[in-house]
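I set out to record three items from this model: its pocket, its aromatic pairs and one helix contact. The entries follow in that order.

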Amino acid sequence: MIANYHTHTWRCQHASGTEREYVENAIEGGLKILGFSDHTPMPYDGDYVSNVKMRLDQLENYVDTVLRLKEEYKRDIEIHLGLEVEYYPKYFEKLLAITGQYPMEYFLLAQHFPGNEIHEVFSGEPTDNPECLVRYCRQSREALETGCFTYFAHPDLINFTGDAEIYDFHMRDLCRFAKEKDIPLEINFLGIWDRRHYPNRAFWKIAGEVGNKVIFGADAHQPEKVWNPEALAVAEKIVDDYSLILEDTVILRSPQVSGGKEL
């Protein structure tokens, strides 16, 4: 593993450590590329404040901090500036306008909530309701259609506990769509080391049969997790078990240009 594009900062309210500590740990672990992709702020209406994202007034400091480290460590590691973004139709165009003021290099798609988050149920909550699965897949497809996302983080986050055939039908369709758009799917290390319901082997079996490209993502919320040999070994076994097409690096797509722009 030479690249990790999925790295958080303290601003998301559920990560720890300094940005410098993440960089130093990445170098120590042998990474050649480190992408910061903290949870994006959202321009919500009214007085709603998310407790799992940075605030809008923290975005400029986030950008400045990452860019300073990018320059300071340019001889040691390649650093990129990104965000982990939910596709919320109501707010997406406004979000693009806000982030377009900065040299943002990439978005990672992470569909934590359906709809526009407010008054919605977390996608990782267990559900046997097929409509929840349908909404997750439909909204994820709409996101990928924008061309603004470099890869799909933890695409198996949806925790559907219902009929396996229904799961296969809709997730296979989503995998085919991601392949058509040439969007890699992430095997998520946080899910591995925290023993979550993902990576979901039923999903990765489908991805192997469809022929999707995959990328490893640390989803680091602590500096020491930016490089995780134990999680890497589990992820490599998933790749082997389902004959997945593993990519070491990805081509970054600028979210600032609708349809994507290769950097």
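Entry 1, pocket. I looked up the largest pocket of this predicted model and found about 290 Å³ of space in it. I then listed its lining, which comprises 19 residues, and noted those closest to the pocket centre: H14, H39, H112, R196 and H221. Sorted by class, the lining of the largest pocket holds seven nonpolar, seven polar and five charged residues.

Entry 2, aromatic pairs. I searched the whole structure and obtained eleven aromatic pairs. I describe a pair of rings by the distance of the centres and the angle of the planes. One of the pairs joins F189 and F216, with 5.6 Å from centre to centre and 45° between the planes, and is classed as tilted. I also noted where the two partners sit: F189 belongs to helix α6 (residues 189–193) and F216 to strand β7 (residues 213–217). The two are 27 residues apart, and the pair thus links distant parts of the chain.

Entry 3, helix contact. I took up helix α4 (residues 130–145) and helix α5 (residues 164–180), whose axes come within 10 Å and cross at roughly 0°. Angles under 35 degrees count as roughly parallel, so I recorded α4 as roughly parallel to α5. On the α4 side of the contact I listed P130, L133, V134, Y136, C137, S140, R141, L144 and E145. Their counterparts in α5 are I166, Y167, H170, M171, D173, L174, F177 and A178. The residues of this contact divide into twelve nonpolar, two polar and three charged.

Definitions and conventions. Residues numbered from 1 in each chain as written. Predicted model: local features only at pLDDT ≥ 70, side-chain atom pairs only at ≥ 80, totals over all residues. Heavy atoms only, no water. Axes fitted to C-alpha atoms, helices over the stretch in contact; angles between N-to-C directions. Helix = DSSP H or I, 4+ residues; strand = E, 2+ residues; numbered from the N terminus. Parallel < 35°, antiparallel > 145°, perpendicular 65-115°, else oblique. Contact = heavy atoms within 4.5 Å. Nonpolar A, V, L, I, M, F, W, Y, C, P; charged D, E, K, R; others polar. 1 Å grid on protein atoms, 1.4 Å probe; cavity = no way out; pocket = protein on both sides within 12 Å on 5 of 7 lines; lining within 4 Å. Points joined across faces, edges and corners; volume = space filled by probe spheres on them. Phe/Tyr/Trp six-rings, centres within 6.5 Å; stacked < 30°, edge-to-face > 60°.
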